[in-house]
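Here is a short report on one protein chain. Take a look at the sequence and the model before reading on.

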Amino acid sequence: MDVRAVVMGAGSWGTATAKVLVDAGTDTVLWARRPELAETINAEHTNPDYLTGIALPEQLRASSDLEEVLPDADIVVCAVPSQSLRDNLTAWRPQLGSDATLVSLAKGIETHSLMRMSEVIAEVGEVSEDRIAVLTGPNLAREIAEGQPAATVIACRDEQRAEALQSAFNTGYFRPYTNTDVVGCEIGGAVKNVIALACGMASGVGFGQNTLATIITRGLAETIRLGVAVGAHIETLAGLAGIGDLVATCSSPLSRNRTFGARLGEGATMEQAQAATNGQVAEGVKSCTSVRALAERHEVSMPLTDAVHGVCHSGMSVADAVASLLGRTTKPEVYRD
């Protein structure tokens, strides 16, 4: 049976994901909020707003009409920012198919509810957990759109759905692995954006590779502590959804979060840093608040997250944030029973 997919959101990652699906042989429509962008994609086979210079497959169709794209979709890929997912889903819900699989691309924790994205989908979309999947990993949108080799994780409580999605996304350059640890995959994706901001700040100040490696490694420790506290598996966070995504996002200038942090480290204001990412969302700026609150709820220590929150939301300078981290009491790297 032919599978139909719709990608809801024509930003850089949504567009790249739609390209992957078409390249995998999956009949796919890309939903764009703005009709004029949908028209441009259909006429010119490119998305000049978010993926300049990338040729999109001629088979990829775009539309701004919810009633046209949603009702018959077997796979609904949610490709909007985490903090806008709830409002978007409210509008989409009346058109969702009764057995459609919903796939979350968003990496964040909802600010007011502290819900993971799969939890938001279950609540707002009135969808059972076994119909919800998460796609995550070291997946920088432009590199994927260029066809560079990469792997990803598709997590779903229903292994058969995960395997069906694996087939729908599998191409010669994009290799999906399956997992049932939805919690671990979502925590890894949310926290890595915050740690990438910290790496960017350090780079912007002028610190070198030793500092960046330290931040990445201690950032992984924070991710694991929080993940375990909320029910994640350590193995997940030691894999593509954890350390893999963390390294890619913290190391690449293509990462919006790293770029945003680097501008702050260079002395830019929040507004100037936003301009440096072409107005696109640096998820970690909002996620640091919700990740920090989730950590406090579970009594988990996350000093890097605290420092990023201080810079982004409490007026702390990057220099003071670094001093606060270096001034912490020394302790063992690993506590043993």
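The report covers the domains, their interface, the salt bridges and one helix.

## Model and domains

This is a predicted model. The domain assignment splits the chain in two: domain 1 spans 4-180 and domain 2 spans 184-327. Their C-alpha centres are 24 Å apart. In the contact, domain 1 takes part with 28 residues and domain 2 with 27 residues.

## The interface

How much area do domain 1 and domain 2 bury between them? The value is about 2,200 Å². Carbon and sulfur atoms carry 66% of it.

Polar links cross the interface too. There are 9 residue pairs in polar contact between domain 1 and domain 2, counting pairs with both residues at pLDDT 80 or more. The rule also finds 2 salt bridges across the interface of the two domains. Separately, Arg116 forms a salt bridge with Glu186, and the closest N and O atoms of this pair are 2.6 Å apart. By the domain bounds, Arg116 falls in domain 1 (4-180) and Glu186 in domain 2 (184-327).

## The domain 1 face

Which elements each supply at least two residues of the side of domain 1 that touches domain 2? They are helices α5 (117-124) and α6 (141-145), together with strands β6 (132-136), β7 (150-156) and β8 (174-179). Strand β7 gives the most, with 4 residues.

The residues on this side of domain 1 divide into 12 nonpolar, 11 polar and 5 charged.

## Salt bridges across the structure

A search of the whole structure finds 17 salt bridges. One of them joins Asp49 and Arg34, with an N to O distance of 2.7 Å. Asp49 sits in the loop between α2 (35-44) and β3 (61-63), and Arg34 in the loop between β2 (27-31) and α2, so the pair ties together parts that are 15 residues apart in sequence. Asp49 is partly exposed at 41% relative accessible area. Arg34 is also partly exposed, at 24%. Arg34 and Asp49 belong to a network of salt bridges that includes Glu36.

Another pair is Arg292 and Asp306, whose side chains meet at 3.1 Å, N to O. Arg292 lies in helix α14 (residues 283-297) and Asp306 in helix α15 (residues 303-313), so this salt bridge ties together parts that are 14 residues apart in sequence. Arg292 has a relative accessible area of 27% and is partly exposed. Asp306 counts as partly exposed as well, at 36%.

Asp158 and Arg161 also form a salt bridge, at 3.8 Å from N to O. Is Arg161 buried or exposed? Arg161 is buried, with a relative accessible area of 15%. The cut-off for buried is under 20%.

## Helix α12

Why is helix α12 (residues 256-265) largely enclosed by the rest of the structure? The reason is burial: 8 of its 10 residues are buried. The buried residues in α12 are Asn257, Arg258, Thr259, Phe260, Gly261, Ala262, Leu264 and Gly265.

An α-helix has 3.6 residues a turn, so residues three or four places apart point the same way. Just after α12 comes Gly267, which takes a positive phi of about 105°.

Key:
Residues are numbered from 1 along each chain as its sequence is written. This is a predicted model: local features need pLDDT of at least 70, side-chain atom pairs count only at pLDDT 80 or more; totals for chains, interfaces and linings use all residues. Side-chain values use heavy atoms; hydrogens and water are left out. Domain bounds come from an automatic or database domain assignment. Contact means heavy atoms within 4.5 Å. Buried area is the accessible area (1.4 Å probe) that two parts lose on being put together, summed over both. A salt bridge is a side-chain nitrogen of Lys or Arg within 4 Å of a carboxyl oxygen of Asp or Glu. A polar contact is a pair of N or O atoms within 3.5 Å; within protein, one must be able to donate a hydrogen and the other to accept it, and residues adjacent in sequence count only if both atoms are side-chain atoms. Ala, Val, Leu, Ile, Met, Phe, Trp, Tyr, Cys and Pro count as nonpolar, Asp, Glu, Lys and Arg as charged, and the others, Gly among them, as polar. Buried means under 20% relative accessible area, exposed over 50%, partly exposed in between (1.4 Å probe, protein chains only).
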